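Here's a quick tour of a few local features. Have the sequence and the 3D view open as you read.

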Amino acid sequence: MKQSIREEEILKIIKERKMISRLELAEIFDLTPARISKIIKSLLDKQIILEKNIGVSTGGRPPVILTINEKIFGDVLGLNLAPKNIFLSVGQVNGEIRKRKKYSLEKIQDEDILNFIEKLIANTLSAEKKIGIITVIITGFVNKEKGISIMSPHYKWRNLNIVKHLEEKFNIPVLLEHDVRAMALTEQQIGECRGVEDFVIFNISEGIGTCACIDGNVYRGFNSMAGEMGHIVINTSSIRKCSCGKRGCLEAESSNTAIIKRITSDIKIGKYSMLKDILSKKGSLEMDDILLGVKKRDFLAIQVTNEAIEYIAQGLNILVSIIDPEKIVLVGEIFTSKYLMDTLRFELNKFSLEFQKCIIEPTKLGDELFYYSPIAVVTKNIFENKEFTKKYITKMGGSYDFN
């Protein structure tokens, strides 16, 4: 194997382990001490890695521990575009976040969102002088490799090359990633999926999306559209139309939007609910209002959410049967309700085979999932995306030749 390729593989291991000795690397790659030392010297000379501290001796000379030189990477400016909010974070590749801020999108018109993003970036770059990379996380169909938002219904974007647009405007490297795939990388790095090779993230908000990690790697599919679980028809007799144009999709039956729309419609045609007063005062319902209704045992709220949970259970059963994951992590407000989680587990027991063993639980990260996701995307791409890594290091005045 060429030295440059071996360097990349070694750097990936050092990044994953955070701290490792030459001896451990030699054993992993089945290399002689002389060969591994030669490669390590090259990386030390380039200042890509550092000799940080002394490891514990096992009887001989104490090993020197190697680690990635984080100083060659600038800070990460992350913009996580959820359907109703933008989560802005500024942090480092080691996972430390020193700035968090959430912006509501309720009063921003679709055509102004890109302008709003540009202003956020400009203001942050003005205040933060060590930014080396911008990461944008969005919903919808995403082509990460080409940096294109193929279709984002929440922002009415179609074939927008947001990476090219922002790189030309700010002269800084930009990464683009799909929201649920970014969640998967986050759970893999700091959440419930550390050390788990096969898992699924199942996210419910205004839409429904999933991401499967197989053998530790995100599965994207041929057209980079894998994971659109929300557009699987789950109720063939339904008249509810999905944003994709089909009827009876899981998203049309069980997303936040679908639940709120159905309860609102039922109240307006005269069905009783304690949520009627809230609807009259506010003019619209939010998911936390629905969950309050569930907590207060409002009949309509429980009826609608129970039906949504039944369809979610069917969807999860499909995932378990096809992918056979070790774990499924659930993301979304609906999963914060103990009653609805108990209902989901009850429904899943109807479908599960006796020998199917899959842990299904809500995320424990809360909003940290949205703030950390941009950093998780950057960390994943370092040393795995050659072009990006080179641009990232070069931006901060360093150099690295992959040859």
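## Ground rules

Buried means under 20% relative accessible area, exposed means over 50%, and partly exposed is in between, using a 1.4 Å probe and protein chains only. Helices (H or I, at least four residues) and strands (E, at least two) are DSSP runs, numbered from the N terminus.

This is a predicted model, where local features need pLDDT of at least 70, side-chain atom pairs count only at pLDDT 80 or more, and totals for chains, interfaces and linings use all residues. Residues are numbered from 1 along each chain as its sequence is written, and side-chain values use heavy atoms, with hydrogens and water left out.

## Helix 9: two sides

Helix 9 spans residues 275-282, and L275, I278 and L279 are buried there. Looking down the axis of helix 9, these buried residues fall within an arc of 100 degrees (taken from the directions from the helix axis to the C-beta atoms), so they line one face of the helix. Over on the other side, D277, S280 and K281 are exposed.

The cover over the buried residues of helix 9 includes helix 8 (256-268), helix 10 (287-295) and helix 11 (299-323), going by contact, meaning heavy atoms within 4.5 Å. Right after helix 9 comes G283, with a positive phi near 85 degrees.

## Strand 3

In strand 3 (residues 64-68), 4 of the 5 residues are buried, so the strand is largely enclosed by the rest of the structure. Strand 3 runs antiparallel to strand 1 (residues 20-21), joined by 2 bridges; two strands pair if DSSP finds at least two bridges between them. S21 has I65 of strand 3 as its bridge partner.
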